[in-house]
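Me: I am new to this structure and would like a close look at one part, namely the empty space within the fold and the elements set around it. Please take your time and connect the details as you go.

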Amino acid sequence: MILTRREFTVALSATALVAGFSPLGLIRSAMAQDANPAELAQPVPLGDMALGPANAPVTIIEYASMSCGHCAEFQKTVFPKIKAEYIDTNKIRYIFREFPLDIKAAAGSMLARCVGKDDPKKYFAVVDILFATQNDWVLKDTSEQLRRVAKQAGMNDETFNACLANQSMLDAMKKGQDQAFEKFKVDSTPTFFVNGTKLKGGASFEDFKKLIDQGLKS
């Protein structure tokens, strides 16, 4: 995907998202289906951000957009329960993959990548902050709101600007999305795979628990 710096800046400065605006080309339809766990295990072009041991018997993969309200609700109500019962106890591996539905979501994901770098805990901390403050930075001047988050994480203006100007990161993110759609039929967020079994947005903790416990027993 090619975006000029002016196009990127204009999109981030808008005070609201345009309905259907999807510069990453994600407004498509697909049939829901499970996926081959071995294929899912292949890291995305940017590399996977994960919590939990790599050899865990159960792996959950989440495809999410940082501007997605349902994703933010999952992060607030369901993810903490999964984390407390299964991730913090090293029973499962949890992988978060970016699937931004608009350029503002892409910018949020890029910031999380730049802050987290090779430290998943820092990455997930930024993701948590962005979901918790979603309305603050999605519905306002996104660039300035994200700059505030960056400063809280110890990032100066020069580093922040360079982060959001990273075209190769944006292109790699787009490539990962294309792979998710083509191979795994991901067409909405959040979409989850529990050892290859697909769960769409709105799944409860009990829905996850049933699949996780089955995987832990097998």
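Reply: To read the make-up of a lining, one first needs the classes: Ala, Val, Leu, Ile, Met, Phe, Trp, Tyr, Cys and Pro count as nonpolar, Asp, Glu, Lys and Arg count as charged, and the others, Gly among them, count as polar. Please also keep in mind that this is a predicted model.

With those classes in hand, the lining of the largest cavity divides into six nonpolar, two polar and two charged residues. The residues concerned are Val44, Pro45, Leu46, Tyr63, Arg97, Glu98, Ala172, Met173, Gly176 and Gln177. Helix α10, residues 167-184, and strand β3 each supply at least two residues of this lining, and α10 gives the largest share, with four residues. The space in the largest cavity is about 70 Å³, and the count of cavities of 30 Å³ or more comes to one.

There is also an open space to set beside this closed one. The largest pocket holds about 200 Å³ and is lined by 13 residues, among which Pro37, Ala41, Thr59, Ile61 and Ile95 lie nearest its centre. Its lining residues comprise eight nonpolar, three polar and two charged ones, and at least two of them come from each of α2 (37-40), β2 and β3. Strand β3 therefore appears in both accounts, as a supplier of at least two residues to the lining of the largest cavity and to that of the largest pocket.

This leads to the sheet that contains β3. Strands of a sheet pair through backbone hydrogen bonds, either parallel or antiparallel. Here, five strands make an open sheet in the order β1-β3-β2-β4-β5, and the pairing is mixed. Because β1 (49-51) and β5 stand at the edges with a single partner strand each, one side of each has no neighbour in the sheet. From one strand to the next, the twist averages 20°. At one edge, β1 pairs with β3 (residues 92-98) in the antiparallel sense over three bridges, and within this pairing Met49 has Phe96 in β3 as its bridge partner. Two helices that pack on the sheet can be followed from here. Helix α6, residues 120-132, touches β1, β2 (58-64) and β3, and its direction makes about 100° with that of β1. Helix α11, residues 205-217, touches β2, β3, β4 and β5, and its direction makes about 145° with that of β2.

At the other edge, β4 (residues 191-194) and β5 (residues 197-200) run antiparallel and are joined by four bridges, with Phe192 standing opposite Leu199 in β5. These two strands form a hairpin with two residues between them, and Asn195 in the turn has a positive phi of about 50°. Leading into β4 is the loop from α10, in which Pro190 lies; the peptide bond that joins Thr189 and Pro190 is cis, with omega about -5°. Most residues other than glycine have a negative phi, and most peptide bonds are trans. Another positive phi, about 45°, belongs to Lys117, which is not a glycine and is found in the loop between α5 and α6.

The helix before that loop, α5, brings in a last feature, the disulfide. Cys114 and Cys163 form it, with their sulfur atoms 2.1 Å apart, and the count of disulfides comes to one. The torsion about its S-S bond is about 100°, so the disulfide of Cys114 and Cys163 is right-handed. Since Cys114 lies in α5 (residues 103-116) and Cys163 in α9 (residues 157-164), the pair ties together parts that are 49 residues apart in sequence.

Methods:
Residues are numbered from 1 along each chain as its sequence is written. This is a predicted model: local features need pLDDT of at least 70, side-chain atom pairs count only at pLDDT 80 or more; totals for chains, interfaces and linings use all residues. Side-chain values use heavy atoms; hydrogens and water are left out. Two strands pair if DSSP finds at least two bridges between them. Axes are lines fitted to C-alpha atoms, for helices over the stretch in contact, and angles run from 0 to 180 degrees between N-to-C directions. Contact means heavy atoms within 4.5 Å. On a 1 Å grid over the protein atoms alone, a cavity is a set of points where a 1.4 Å probe fits but cannot get out, and a pocket is an open set with protein on both sides within 12 Å along at least five of seven lines; lining residues have an atom within 4 Å of a point. Grid points are joined across faces, edges and corners, and a volume is the space filled by probe spheres set on the points. A disulfide is a pair of cysteine sulfur atoms within 2.5 Å.
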